[in-house]
Amino acid sequence: MTDPRTAHHDGGFPDQEQEQPGLTGRTEPRPDHGEDSYRGSGRLEGKRALITGGDSGIGRAVALAFAREGAEVAIAHLPEEQEDADATVALVRAEGRRGVSFAGDVRDEAFATAIVVDAARELGGLDVVVLNAAYQKDRDGIGSLETAEFDRVFQTNLYGMLYSARAAVPLLQPGASIIVTSSIQAFNPSPGIIDYAMTKAAQVAFVKAAAEELGPEGIRVNAVAPGPIWTPLIPATGWDAERLATFGQDTPLGRAGQPAELAGAYVFLASDEASFVSGAVLPVTGGKGL
């Protein structure tokens, strides 16, 4: 038996700050992506997946788990994240799977569209699309929220998601799956990241509407709603030492989660085991309610 309260790092986190985007090598302690723990069992054998924001954090954990479950994997990432992306691709290829990466910004409509087409070409088709790329930043309040920052959050989290989803739908066959990384913030928003929370709520609306539209075509659409998860995005959010020291401590399990603890949710939703699951929002929150 594994005690979930102590299965991973169960304290606060040291004071640290990064510029956006956060990088794995500068994140202390280093997030656990499942490198030493995730064991595959062929649940995604033969599937081909694209993961946006696949270089680090949740995206890397999902890429690794997908590869160990038998999938070929393409990831998209910012150019500044090339080192992290290379490490993720290396993990995928170490499992004997095809791994490719595309550098660019999903706010760019041309890039967010091209990665779908290019991933399908490189992998010989596309069966799973994980729309995971995201941006958040701590805010002092609504009155001081800069338009350029508001735009960046919405363009990354919503426009980029829609660009890639729109490009993917014509390429997907019955049995394919779209998975969106939403957040507990969609249901339990924090004022300090109000614009991020707004986009996460909009993503839930997208998932439910798209599931209804695409269900008759045999395409499932779902979301994972993480709670507080320790990824490079957290020290790049701009929180102070006190906020980092208490990050995740308010969950019923008393700690923040690790990216590795999200991977199984994505594997389930991508697999045929979830053949009757669509329009769902799967919480991985350490017990915090949606």
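A crossover is called right-handed if, with the strands pointing away from the viewer, the path from the first strand over the helix to the second runs clockwise. In this predicted model, local features need pLDDT of at least 70 and side-chain atom pairs count only at pLDDT 80 or more, whereas totals for chains, interfaces and linings use all residues. Residues are numbered from 1 along each chain as its sequence is written, and side-chain values use heavy atoms, with hydrogens and water left out. Helices (DSSP runs of H or I, at least four residues) and strands (runs of E, at least two) are numbered from the N terminus.

With these conventions, β1, α1 and β2 form a right-handed β-α-β unit. From β2 the chain then crosses through α2 to β3, and this β-α-β crossover is right-handed. Strand β1 (residues 48–52) runs parallel to β2 and is joined to it by 5 bridges, where two strands are taken to pair if DSSP finds at least two bridges between them. In this pairing Leu50 stands opposite Ala74 of β2. The pairing of β2 with β3 is also parallel, over 5 bridges, and there Ile75 has Ser101 in β3 as its bridge partner. Strand β2 is mostly covered, with 5 of its 6 residues buried; buried means under 20% relative accessible area, exposed over 50%, and partly exposed in between, for a 1.4 Å probe and protein chains only.

Helix α2 has 13 residues (82–94), which at 1.5 Å a residue should span 18 Å, and its end C-alpha atoms are indeed 18 Å apart; the expected span is 1.5 Å times one less than the number of residues. Its buried residues are Asp84, Ala85, Thr88, Val89 and Val92. Seen down the helix axis, these buried residues of α2 fall within an arc of 135°, so they line one face of the helix, the arc being that of the directions from the axis to the C-beta atoms. An α-helix has 3.6 residues a turn, so residues three or four places apart point the same way. The buried residues of α2 pack against α1 (57–68), β2 (72–77) and β3 (99–103), contact meaning heavy atoms within 4.5 Å. The face turned away from that buried side carries the exposed residues Glu83, Arg93 and Ala94. Just after α2, Gly96 takes a positive phi of about 80°.

Helix α3 (residues 109–123) can be read in a similar way. Its 15 residues should span 21 Å at 1.5 Å a residue, and the end C-alpha atoms are 22 Å apart, which agrees. Asp108 caps the N-terminal end of α3, with a side-chain oxygen 3.0 Å from the backbone nitrogen of Ala110. The buried residues of α3, among them Phe111, Ile115 and Leu123, pack against β1, β2, β3 and α4 (147–168). After α3 comes Gly124, whose phi is positive, near 80°.

Further along the chain, 8 of the 11 residues of helix α7 (260–270) are buried, so this helix is largely enclosed by the rest of the structure. Those buried residues include Leu262, Tyr266 and Leu269, and what covers the buried residues of α7 includes α1, β4 (128–131), β5 (177–181), β6 (220–226) and β7 (281–284).

The segment before β1 contains Arg30, which, not counting residues up to four places away in sequence, touches Thr24, Gly25 and Arg60.

Terms used: A polar contact is a pair of N or O atoms within 3.5 Å; within protein, one must be able to donate a hydrogen and the other to accept it, and residues adjacent in sequence count only if both atoms are side-chain atoms.
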